[in-house]
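Student: I have not looked at this structure before. Could we go through it by question and answer?

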Amino acid sequence: MIHVKSLSHSFGSHWALKDVSFSLRQGEFLFLVGPSGAGKTTLMRILHGALPVQRGRVNVAGMDLGTLRASRLHRLRRQIGVVFQDFKVLPGRTVFDNVALPLRVQGQKAQVVQHRVRAVLRSLELDTKARCLCQELSGGEQQRVAIARSVVVKPKIILADEPTGNLDPDLGRRLMNVFHQFNRHGTTIVFATHNRDILANTPMANILYLRDGAPVALESPSGQGLRRELWARRTTGSCEEG
Ligand SMILES: Nc1ncnc2c1ncn2[C@@H]1O[C@H](COP(=O)(O)OP(=O)(O)OP(=O)(O)O)[C@@H](O)[C@H]1O
């Protein structure tokens with residue numbers, strides 16, 4: 001579903017990604033872990049076609065992103081739900097309308113829209129807010145609306161960049177269950193996080209650890225060594241020291 005081979009990316013003379021490789025099959029879960037500036041967002045943006053493939057090869061959902069024309073980008077984006085840090089909702093529209101938007105763009109029937117939006121709002125504990133204007137919601141609630149809008153189309157792939165960052169730990173955990181549910185139904189998930197609990201509570205995930213753009217380690221679900229080592233390093237602060 002996602003194949004990345006020898007990917008490097010620079011901003012001017014600064015290399016934000018250095019020779020990154022990994023493969024994910026459909027239904028696999030990957031955590032991107034690393035300190036601030038490690039290259040997690042850059043990698044996500046390349047997978048979403050928002051940044052070009054400068055060096056190396058990237059194939060997402062059967063599309064070679066190095067040769068994909070801009071006019072075909074919508075075919076890639078149709079397969080992907082993104083939950084990025086700079087989430088944006090339409091403040092003057094209701095929660096329901098915000099979440100229904102991508103389904104209406106697809107031309108889904110009103111009945112299907114009703115059913116799917118209600119189900120997603122329920123799973124994100126937003127059902128009582130359906131008629132509220134987004135501008136009346138808290139930051140964390142708006143973040144959940146953005147997540148609901150990304151997943152309501154049932155994308156094959158979800159790219160999530162610190163989606164639980166502004167939420168309290170309990171809500172973050174409940175939100176994580178929503179990602180787990182999608183993953184159980186076969187959605188491939190790439191999830192950038194610093195959050196130790198999330199990592200520990202998602203044992204079926206692969207972990208790619210980046211530092212200064214370089215892959216330090218890639219661990220499959222069966223390997224527990226890196227998980228322990230990662231957090232031991234984190235608590236001593238040595239991640240940051242490079
Ligand atoms: N548009 C840009 N122009 C110049 N440099 C950039 C740009 N975007 C990212 N960078 C640099 O590339 C490196 C990787 O940034 P990136 O945002 O991918 O890191 P990150 O791991 O997502 O960090 P964080 O956890 O803080 O979001 C950083 O050194 C950053 O300053």
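Student: Which residues of helix α3 are buried?
Tutor: This is a predicted model. Helix α3 covers residues 95-105. A residue is buried if 20 or more other C-beta atoms lie within 10 Å of its own. In α3 the buried residues are Val 95, Phe 96, Asn 98, Val 99, Ala 100 and Leu 103.

Student: What covers the buried residues of α3?
Tutor: The cover includes two helices, one at residues 110-123 and one at residues 139-151. Their names are α4 and α5.

Student: Is α3 parallel, antiparallel, perpendicular or oblique to α4?
Tutor: Two packed helices are described by the angle between their axes and the distance between the axes. The axes of α3 and α4 come within 10 Å and cross at roughly 130°. That angle makes the arrangement of α3 to α4 oblique.

Student: Which residues make the contact between α3 and α4?
Tutor: The helix α3 gives Phe 96, Val 99, Ala 100, Leu 103 and Arg 104. From α4 come Val 112, Val 113, Arg 116, Val 117, Val 120 and Leu 121.

Student: How many nonpolar, polar and charged residues does the contact of α3 with α4 have?
Tutor: Arg 104 of α3 and Arg 116 of α4 take part in this contact, and Arg counts as charged. By class, the contact has nine nonpolar, no polar and two charged residues.

Student: Is the crossing of α3 and α5 left-handed or right-handed?
Tutor: The axes of α3 and α5 are 7 Å apart, and the helices pack at an angle of about 30°. Angles under 35 degrees count as roughly parallel, so α3 and α5 are roughly parallel to each other. Their crossing is right-handed.

Student: Which residues of α5 make the contact with α3?
Tutor: On the side of α3, the contact is made by Val 95, Asn 98, Val 99, Leu 101 and Pro 102. The residues of this contact divide into six nonpolar, one polar and one charged. The α5 side consists of Val 145, Ala 148 and Arg 149.

Student: Is Val 117 buried or exposed?
Tutor: Val 117 lies in helix α4. There are 26 other C-beta atoms within 10 Å of Val 117, and 20 or more count as buried. Val 117 is therefore buried.

Student: Which residues does Val 117 touch, not counting residues up to four places away in sequence?
Tutor: Phe 96, Val 99 and Ala 100 are among the residues touched by Val 117, and these three are buried residues of α3. With the remaining one added, the list is Phe 96, Val 99, Ala 100 and Val 152.

Student: Where is Gln 108, and is it buried, exposed or partly exposed?
Tutor: Gln 108 is found in the loop between α3 and α4. Leaving aside its neighbours within four places in sequence, Gln 108 is in contact with Leu 103 and Val 113. With 18 other C-beta atoms within 10 Å, Gln 108 is partly exposed.

Student: Which residues are around the ligand?
Tutor: The elements that give two or more residues to the shell around the ligand are β2 (14-24) and α1 (40-47). The shell divides into three nonpolar, seven polar and one charged. Its members are Phe 11, His 14, Ala 16, Gly 34, Ser 36, Gly 37, Ala 38, Gly 39, Lys 40, Thr 41 and Thr 42.

Student: Which element gives the largest share of the shell around the ligand?
Tutor: Lys 40, Thr 41 and Thr 42 are among the residues around the ligand, and they are also among the buried residues of α1. The largest share of the shell is three residues. The element is α1.

Student: How many of the residues of α1 are buried?
Tutor: The buried residues are Lys 40, Thr 41, Thr 42, Leu 43, Met 44, Ile 46 and Leu 47. This leaves α1 mostly covered, and the count is seven of its eight residues.

Student: Which residue in strand β1 has a positive phi although it is not a glycine?
Tutor: Most residues other than glycine have a negative phi. In strand β1 (residues 2-11), a residue with 12 other C-beta atoms within 10 Å is exposed. Its phi is positive, about 50°, and the residue is Ser 6.

How values were computed: Residues numbered from 1 in each chain as written. Predicted model: local features only at pLDDT ≥ 70, side-chain atom pairs only at ≥ 80, totals over all residues. Helix = DSSP H or I, 4+ residues; strand = E, 2+ residues; numbered from the N terminus. Contact = placed C-beta atoms within 7 Å. Near = placed C-beta within 6 Å. Axes fitted to C-alpha atoms, helices over the stretch in contact; angles between N-to-C directions. Parallel < 35°, antiparallel > 145°, perpendicular 65-115°, else oblique. Left-handed = near helix turned anticlockwise from the far one by under 90°.
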